[in-house]
Amino acid sequence: MRALHLAIFSALLLTVSCLKKDGPATAVTGAGATVTGDEIVIGEVGSMTGGAATFGKSTHDGIMLAVEKINAAGGIKGKKVRIITLDDQGKPEEAAIATTKLITQDKVIAILGEVASSNSLAMAPIAQKNGIPMVTPSSTNPKVTEIGDYVFRVCFIDPFQGSVMAKFAYNSLKLKNVAILRDVKNDYSIGLADFFIETFTKLGGKIVVDQSFSQGDVDFKSQLTSIKGKNPEAIFVPGYYTEVGLIARQARELGINVPLMGGDGWDSEKLTEIGGEALTGSYFSNHYSPDDMSEGVQKFINDFKAAHSRIPDGLAAMGYDAMLILADAMTRAPELTTVAIRQALADTKAYPAVTGMITINEKRDAEKSAVIIEIKDGKFIFKEKIDP
Ligand code: PHE
């Protein structure tokens, strides 16, 4: 009996120390997958409809541009790539259902998506359990890749993005008193608000009020009224473009004329369609700027423009990069099994992508620069680039 207790106790200890070292990774219980036919089938989950529809559509356009390029060059190991795209309407429950379907019915070898961190957080445990590599192009909440060793991202994370905007507010704009307005239905928004506050207060700044809303809300007057009462010099609104556009308008209607600040969730041509002139003088951080004159970026912009007659936003660039990083890993993998592809993804080093040089670190995140964008007369103007 004693020996049994001891055995159980040491087994427990072992589990605890393993958890500590590797984080709370979900165990892989599925069999993974192997490419057997003459095509490589990859799943894509995105918001093709709903309040964040431009995220899903732009990402999809970026992914498909990369697939055309890959297939035109002969595919991967002589096999053509085929993408199966499922719409999750921007909802975590739907993202989870789509992921299960792609794995169990479509037998995909890997999954691209989602953009929104809350949706990626709903997908990742399913991909992880089944041993299917998942690459999110642009979910920035740190928790996403902590789900397990099959989950990767090709973008920076929010502790970095939050500190970039806090330093910009304090050091460049010389702001001391800032208000927060966060979306409490959105993991990304909650996290980014916290990371901004952490750096801003460390620098000596003060958060004068911390208000919240829920995705889908259309009236923000009561929150904005209480924010106005605290006289902030700026409002940090780490939300998605639909709500941010409405918030900007309503803030101006209430006579609040200070700049709004935010993160990558603002990146949509719909932002200024909804917010109009109210957004002039506001700032947000992002993954890429089309004003980047480097050869790789300009070539991507020209190819994308030829296909879609519009300038690609950050989502399109990230979708393109995510597909190319996955293809690069599949090319380097000794065989097209999920185990080999996972390992090759983890080994990604200094891949020259459109959104910057991508090295996957031990947490399966990418360390990359961010850009700060100023909004002026409905246009996104490149302000500065910040390295990690
Ligand atoms: N980073 C956001 C999130 O994690 C998603 C996003 C990325 C939105 C890029 C716009 C542009 O939820």
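This passage describes the confidence, sheets, helix contacts and local backbone features of a predicted model.

The mean pLDDT of the chain is 94, and 94% of the residues reach a score of at least 70. Among the elements of the chain, strand β8 (residues 234-236) has the highest mean pLDDT, 99, and helix α1 (residues 2-22) the lowest, 45. For residues 6-22 the pLDDT is below 50, and this stretch has two contacts in the model beyond near neighbours in sequence.

One sheet of the model is open and consists of five strands, in the order β2-β1-β3-β4-β5, with parallel pairing. The edges are occupied by β2 (80-87) and β5 (151-153); each has a single partner strand, so one side of each is left without a neighbour in the sheet. From one strand to the next, the twist averages 25°. Within this sheet, strand β3 (residues 110-112) and strand β4 (residues 134-136) run parallel and are joined by two bridges. In this pair, Leu112 stands opposite Val135 of β4. Helix α4 (residues 117-130) lies across β1 (39-46), β3, β4 and β5, and runs at about 160° to β4.

Helix α4 also meets helix α3 (residues 92-104): the two axes come within 8 Å and cross at roughly 25°. At that angle, which is under 35 degrees, α3 is roughly parallel to α4. The crossing of α3 and α4 is right-handed. On the α3 side the contact involves Pro92, Ala95, Ala96, Thr99, Thr100 and Ile103, which meet Ser118, Asn119, Ala122, Met123, Ile126, Ala127 and Asn130 of α4. By class, the residues of the contact of α3 with α4 are eight nonpolar, five polar and no charged.

Two local backbone features are found in the loops that flank β3. In the loop between α3 and β3 lies Lys107. The phi of Lys107 is near 55°, a positive value in a residue other than glycine. In the loop between β3 and α4 is Glu114. A cis peptide bond joins Gly113 to Glu114, with omega about -10°.

A further open sheet is formed by seven strands in the order β7-β6-β8-β9-β10-β13-β14, and its pairing is mixed. Here β7 (206-213) and β14 stand at the edges; each of them has a single partner strand, so one side of each is left without a neighbour in the sheet. The twist of the seven-stranded sheet averages 25° from one strand to the next. Strand β10 (residues 283-286) and β13 run antiparallel and are joined by four bridges. Ser285 has Ile372 of β13 as its bridge partner. Helix α8 (residues 221-228) packs on this sheet, where α8 touches β6 (177-183), β7 and β8; the direction of α8 makes about 170° with that of β7. Helix α9 (residues 241-253) packs on the sheet as well, touching β6, β7 and β9 (260-262), and the direction of α9 makes about 165° with that of β9.

At the β14 edge of the seven-stranded sheet, strand β13 (residues 370-376) and strand β14 (residues 379-386) run antiparallel and are joined by seven bridges. Ile372, the bridge partner of Ser285, stands opposite Glu384 in β14. The strands β13 and β14 form a hairpin with two residues between them. Asp377, in the turn of this hairpin, has a positive phi of about 45°.

Another helix contact is that of helix α6 (residues 158-172) with helix α7 (residues 187-203), whose axes come within 8 Å and cross at roughly 45°. The two helices are therefore oblique to each other, and the crossing of α6 and α7 is right-handed. From α6, the contact draws on Asp158, Pro159, Gln161, Gly162, Ser163, Met165, Ala166, Lys167, Ala169 and Tyr170. From α7, the contact residues are Tyr188, Leu192, Phe195, Phe196, Thr199, Phe200 and Leu203. Divided by class, the contact of α6 with α7 has eleven nonpolar, four polar and two charged residues.

Conventions: Residues are numbered from 1 along each chain as its sequence is written. This is a predicted model: local features need pLDDT of at least 70, side-chain atom pairs count only at pLDDT 80 or more; totals for chains, interfaces and linings use all residues. Side-chain values use heavy atoms; hydrogens and water are left out. Two strands pair if DSSP finds at least two bridges between them. Axes are lines fitted to C-alpha atoms, for helices over the stretch in contact, and angles run from 0 to 180 degrees between N-to-C directions. Contact means heavy atoms within 4.5 Å. Angles under 35 degrees count as roughly parallel, over 145 as roughly antiparallel, 65 to 115 as roughly perpendicular and the rest as oblique. A crossing is left-handed if the near helix is turned anticlockwise from the far one by less than a right angle, and right-handed if clockwise. Ala, Val, Leu, Ile, Met, Phe, Trp, Tyr, Cys and Pro count as nonpolar, Asp, Glu, Lys and Arg as charged, and the others, Gly among them, as polar. pLDDT is the predictor's confidence in each residue, from 0 to 100.
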